[in-house]
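Open the structure in your viewer and keep the selection panel at hand. The stops below go from one chain to the contact between the chains.

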There are 2 protein chains.
Amino acid sequence: MTTIRDVAVKAGVGVGTVSRVINGAPGVSSRTRDRVERAIDALGYRPSPAARALSRGRASTIAVTAPFLTRPSVVERLRGVVAGLDASEYDLSLATVETPEQRRRRIVGMCQRDRADGAILISLPPTVDEARMLRAVGVPVVVVDGATDDFASITTDDVAGGRLATEHLLELGHRRIAFVGDEPDERFAFTSSDDRLAGYRDALRDAGIDADPDLVVTGPHGREAAAGLAGRLLDLADRPTAVFTASDTQALGVLEAARSRGLDVPGDLSVVGFDDIELAELMGLTTVRQPLFESGRRAAELLLRLLGRDAAAEGDHVELALTLVPRHTTGRPRGRTTRRRPAS
Amino acid sequence: MTTIRDVAVKAGVGVGTVSRVINGAPGVSSRTRDRVERAIDALGYRPSPAARALSRGRASTIAVTAPFLTRPSVVERLRGVVAGLDASEYDLSLATVETPEQRRRRIVGMCQRDRADGAILISLPPTVDEARMLRAVGVPVVVVDGATDDFASITTDDVAGGRLATEHLLELGHRRIAFVGDEPDERFAFTSSDDRLAGYRDALRDAGIDADPDLVVTGPHGREAAAGLAGRLLDLADRPTAVFTASDTQALGVLEAARSRGLDVPGDLSVVGFDDIELAELMGLTTVRQPLFESGRRAAELLLRLLGRDAAAEGDHVELALTLVPRHTTGRPRGRTTRRRPAS
DNA sequence: TTGAAAGCGGTACCAG
DNA sequence: CTGGTACCGCTTTCAA
């Protein structure tokens, strides 16, 4: 391996000068600079990141932590982060957490010491404990998809999103609207499903509808689980005419359950998802779009900015807009609802 | 930041001893070891990765390079790699390449100097040039999904896979079988689509069928492009009764084209994909399954082994098995083919 | 403008 | 079994 010393010798200068040239520091005569650059090219010299990191006290690395690469939304956010970091001089160190035990170890471990200069947490809002440790580490942190007071964050208003979806169904004339979401999660403290549920409740309340508790079901995340939950809903004597789900993935499960029961969508059942993953368009799913890729990109940019200014900037909180994307899984209710009208 | 020196002072020993304890080196009395460990805990000491890297001459990092995180198959492989590296002491440094220019810079740059101790290339078989540079760097490399003579690799027999899919269709009685795949790619040198096409040709030849060149179409990767290509195929006067595609994603496009023309699948058209991504099951797509996650995991394990032994092991080449997964998009041909029979 | 030298925080060898 | 010390390769004063 050729070192900075080799370059210095070859160029006939001191190592300090070579260092200055490498780092574009001022105070080097252009003649000397030239000579050094020639030597660098001739030797094919590359500075050692490790030596640099040790000497400068920073790793030129950003730690990215995410749960479950099985979730399209997480992958899409990760893509955004990668893109946002692309032009920078930072390496991206990736860790995933799939269990609560991993969680703390990873989140903090990733940026301890000079391992990383900053961290991006995707869909992993830090617990109080983690926040404290993270703050102790002293590196800037950006949380994507998760509220925090402690760090900068990129979020969306999930409550508003839940309201958006529900209001869409209300406007179409639905009154019996169900919700399928994630079970409360102590392990990861994901809150988006709950928030979307809150928005759903708000919308129903504002419409003067008593939310039927039987129509709110939660279970493990995933298509299959959602299909099971939806099945129970659809087998109800007085089944809902519409379902709002906490994610597109779960909406797919609902569609599956409807299909297996011979129910027409949107004729017999309207379905609204959340996220607008690629699949949603493919399936013609009505959904609430959130800018997933964008959220990652913005997080990277924000962190880069934080890394730029000397002092830590106090909480930058970016909130990205949500939009309803009407497609082919929602329509006016018919059947039961219609039949009931004369009776009322 | 507390350093090894602080620990040494607190424990009343030399730094060498602390180092030995940290690294579990032999030759430390248990009494001393205890004292040191206590000091470490008391101080909350963590060794500096940068200093370690510089001193040991290795970064404890593995570089992972992949194209397009938009492709489910790539993400799935990446998941495998992450899982395989999980228990190890290595960090995972991720880079993606989306353009040919990025390609070389990334692939080689990632493991230059002490940046990484080894590299995993996902779906990016190195060019001769890249291989040369990579070899010059001297770190072990494992290529996932791509043939190489230069490095260890995890592959599948794509030719056999193409044959598998085609033979399945032949057995069902199809004679006019089309192929939809990726256009030849000079930029990334992906070969899997071409290999699968070769297998398709082999199978037809063995069945004594003259492959109709009009039935082989290629275009940019992706569902929409595939839908367009399939559209042309389906509008043919003598349209195929079955289509084999180079990926599930493309198969989805074919299904879309069929649906938009009111063709029944598998009644009017049989479709076979490749990969068996999650979506394939959801759509009931008949496909050739390849162990994507597994390929990543195996790559990580292989690299870890390579990193373990002092000498570089000469080419370890693992070939993973392919299996046909029959679902609901393939069946016996009817219509045109049947009608033609009396005429022949 | 430039060279020399003191770290950065470990590892590993060498005496003892 | 243990302490002392010379690196690892770079950055960054400090003098000149």
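Select chain A and colour its residues by burial: in this predicted model, buried residues make up 49% of the 344 residues in the chain. Switch to a cartoon of chain A, where 14 helices and 12 strands can be picked out.

Next, reduce chain A to its C-alpha trace and turn it along its principal axes, over which the trace spans about 100 × 40 × 30 Å. The radius of gyration of chain A is 26 Å, whereas a compact globule of 344 residues would have one near 20 Å. If you draw the contacts in chain A between residues at least 6 apart in sequence, 71% of them join residues at least 24 apart.

Now show chain B as well and select the contact, to which chain A gives 27 residues and chain B gives 27 residues. On the side of chain A that touches chain B, helix H4 (49–56), helix H5 (72–86), strand S2 (91–97) and helix H12 (278–283) each supply at least two residues. Coloured by class, that side of chain A shows 16 nonpolar, four polar and seven charged residues. Of the interface residues of chain A, 100% are also interface residues in chain B, so the copies meet through the same surface.

Finally, superpose the copies: a turn of 180° with a shift of 0.1 Å along the axis lays chain A on chain B with an RMSD of 0.1 Å. The two copies are therefore related as by a two-fold rotation axis. To find that axis from chain A, centre the view on A:Ser93, whose C-alpha is the nearest to the axis in this chain, 2.2 Å from it.

How values were computed
Residues are numbered from 1 along each chain as its sequence is written. Chains are lettered from A and ligands numbered from 1 in the order in which they are written. This is a predicted model: local features need pLDDT of at least 70, side-chain atom pairs count only at pLDDT 80 or more; totals for chains, interfaces and linings use all residues. Copies are superposed by least squares on the C-alpha atoms of residues with pLDDT of at least 70 in both. Two residues are in contact if their C-beta atoms, placed from the backbone, lie within 7 Å. Helices (H or I, at least four residues) and strands (E, at least two) are DSSP runs, numbered from the N terminus. The radius of gyration is taken over C-alpha atoms; the globule rule is 2.2 Å times the number of residues to the power 0.38. A residue is buried if 20 or more other C-beta atoms lie within 10 Å of its own, exposed if 12 or fewer, and partly exposed in between; C-beta atoms are placed from the backbone. Ala, Val, Leu, Ile, Met, Phe, Trp, Tyr, Cys and Pro count as nonpolar, Asp, Glu, Lys and Arg as charged, and the others, Gly among them, as polar.
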